[in-house]
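Reader: I am in my first year and would like a close look at one part of this model. Please choose a single residue, say how it sits in the chain, and then work outward from there.

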Amino acid sequence: MLFLVAALLLLGVALGTAAHLPVPVTLVAAAAIAAWLLVFTLRERRHHNEGTPR
């Protein structure tokens, strides 16, 4: 959960500075945040799936 909060905070900072940064820098930052969120989602799904009996 802490990772999600940090990612959302970082996203908010990136969106706030997007008006002052060149477009390529903004896109790289957005891609990094999206990758971080994707990794977090995959780890959480794997963690929750390990606890379910098959």
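Author: Leu 10 is partly exposed: its relative accessible area is 41%, and that value falls between the 20% under which a residue is buried and the 50% over which a residue is exposed. The model is a predicted one, and the percentage is computed from it. Leu 10 belongs to helix H1, which covers residues 2-17.

On the surface, Leu 10 joins Phe 3 and Trp 36 in a nonpolar patch. Together these three residues have about 280 Å² of accessible area. Leu 10 can be part of such a patch because its 41% is over the 30% that a patch residue needs.

Ala 29 offers a second point of reference. Ala 29 lies in helix H2 and is 19 residues away from Leu 10 in sequence. In space, the C-alpha atoms of Ala 29 and Leu 10 are 9.3 Å apart. Ala 29 also counts as partly exposed, because its relative accessibility of 27% lies between the 20% and 50% limits.

Two members of the patch lead on to the largest pocket. Phe 3 and Trp 36 are among the residues that line the largest pocket, and others include Met 1, Val 39, Phe 40 and His 47. The space in this pocket is about 160 Å³. Helix H2, residues 23-50, gives the most to the lining, with eight residues. Sorted by class, the lining has five nonpolar, four charged and one polar residue.

The chain as a whole gives the setting. It has two helices and zero strands. Of its 54 residues, 7% count as buried. The chain exposes about 4600 Å², and 74% of that area comes from carbon and sulfur atoms.

Note on methods: Residues numbered from 1 in each chain as written. Predicted model: local features only at pLDDT ≥ 70, side-chain atom pairs only at ≥ 80, totals over all residues. Heavy atoms only, no water. Patch = residues over 30% accessible without salt bridge, like charges linked within 9 Å, V, L, I, M, F, W, Y side chains within 5 Å. Areas by Shrake-Rupley, 256 points an atom, 1.4 Å probe, with all protein chains shown as cover. Salt bridge = Lys/Arg side-chain N within 4 Å of Asp/Glu carboxyl O. Helix = DSSP H or I, 4+ residues; strand = E, 2+ residues; numbered from the N terminus. Buried < 20%, exposed > 50% of the residue type's maximum accessible area, 1.4 Å probe, protein only. 1 Å grid on protein atoms, 1.4 Å probe; cavity = no way out; pocket = protein on both sides within 12 Å on 5 of 7 lines; lining within 4 Å. Points joined across faces, edges and corners; volume = space filled by probe spheres on them. Nonpolar A, V, L, I, M, F, W, Y, C, P; charged D, E, K, R; others polar.
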